[in-house]
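The following exercises are to be worked with the sequence and the model at hand. Each task is followed by a solution in steps.

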Amino acid sequence: KYYHESLSLFFDLILRLAAYSTEAAEVLLGYDDLLDVIVQCLFWRTHRPDIMQELHSRSSLSDLEAIELRARCIIDSFTWCSTKRGFVDEKDGNYDDQSKKFFKAIATTPVVSNTFDPNNDGIFLSNIAELMKTDSFYKLEESDQEFYYDILLRSSHAGYIDKLVISSVIDLFASVRRCDVAVRVVNLAFNLLCKRTGEWIGDKKDKP
């Protein structure tokens, strides 16, 4: 009982600390398994029927929405902390080694606890597109949806996009429900497929 009641407070505390200063965010990133907890709560709807059943029984789905919002904001704060001073030649998209280390850590964070399912090898980056197919994604404000596009593009700039991630984004296009999302997904797919320079496909350097 107390565990579930304290979850929102816990995420609120982590968010306040992560947003307080770069130094505080760096300290938090040093704690083992903290990133796992933050990332995995975004996948409770798709990968943890046991948690969802318990939340339903407690009528606590509104608490989950608040937790998901805080988790996205925490990841945003960590991303900002890791890239704030991480540009080579002051160019966005050319990240230094410290920034790339963060993006590797978040890209490879498991979406399900090994304790719950030791056979699940799904990782955050290759499963973001799955979150973008859900009803909860379409209920988000546009600014909150931007989180998913942004983390994919920044991961691409850091060099952590593989064939599985690109395939998942292309597959996502077949399931979009609104024109505005379809346009964003197409743009996203183009940018993941282009050279990892941070430049859009169609720029003069890409012309034959």
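**Exercise 1: Phe78 and the nonpolar core**

Task: Determine which residues Phe78 touches, leaving out residues up to four places away in sequence, and place Phe78 in the largest nonpolar core.

Solution. Step 1: With contact taken as heavy atoms within 4.5 Å, Phe78 touches Ala18, Ala25, Leu28, Leu29, Leu35, Ile38 and Phe102, residues up to four places away in sequence not being counted. Step 2: The model is a predicted one, in which local features need pLDDT of at least 70 and side-chain atom pairs count only at pLDDT 80 or more, while totals for chains, interfaces and linings use all residues. Residues are numbered from 1 along each chain as its sequence is written, and side-chain values use heavy atoms, with hydrogens and water left out.

Step 3: A nonpolar core is a set of buried Ala, Val, Leu, Ile, Met, Phe, Trp, Tyr and Cys residues joined through side-chain atoms within 4.5 Å; buried means under 20% relative accessible area, exposed over 50%, and partly exposed in between (1.4 Å probe, protein chains only). The largest such core has 57 residues, and Phe78 belongs to the group that touches the most other members, together with Ile38, Leu42, Ile106, Phe124, Tyr148 and Leu152. Helix α6 (residues 61–83) supplies the largest share of this core, seven residues. In soluble globular proteins, nonpolar side chains tend to be buried together.

**Exercise 2: Two helix pairs**

Task: Describe the packing of α6 with α7 and of α8 with α10.

Solution. Step 1: Helices (H or I, at least four residues) and strands (E, at least two) are DSSP runs, numbered from the N terminus. The chain has 12 helices and zero strands.

Step 2: Axes are lines fitted to C-alpha atoms, for helices over the stretch in contact, and angles run from 0 to 180 degrees between N-to-C directions. The axes of α6 and helix α7 (residues 97–107) cross at roughly 155° and come within 8 Å. The two helices are therefore roughly antiparallel, a term for angles over 145 degrees. Their contact involves Ile75, Phe78, Thr79, Ser82 and Thr83 of α6, and Ser99, Phe102, Phe103 and Ile106 of α7.

Step 3: For helix α8 (residues 124–131) and helix α10 (residues 142–157), the angle is about 150° and the axes are 10 Å apart. This pair, too, is therefore roughly antiparallel. Phe124, Leu125, Ile128 and Leu131 of α8 meet Phe147, Tyr148, Ile151, Leu152 and Ser155 of α10.

**Exercise 3: Pro110 and Asp33 in loops**

Task: Locate Pro110 and Asp33, and state what surrounds the former and whether the latter is buried or exposed.

Solution. Step 1: Pro110 lies in the loop between α7 and α8. Its C-alpha is 6.8 Å from that of Asp36, although 74 residues separate Pro110 and Asp36 in sequence. Beyond its neighbours within four places, Pro110 contacts Asp36, Val39, Gln40, Gly122 and Ile123.

Step 2: Asp33 occupies the loop between α2 (22–29) and α3 (34–40). Asp33 has a positive phi of about 75°, although it is not a glycine. Its relative accessibility is 52%, so Asp33 counts as exposed.

**Exercise 4: The chain as a whole**

Task: State what share of the chain is buried and what share of contacts is long in sequence separation.

Solution. Step 1: Of the 208 residues, 42% are buried. Step 2: Among contacts with a separation of 6 or more, 64% join residues 24 or more positions apart.

Terms used: Parallel < 35°, antiparallel > 145°, perpendicular 65-115°, else oblique.
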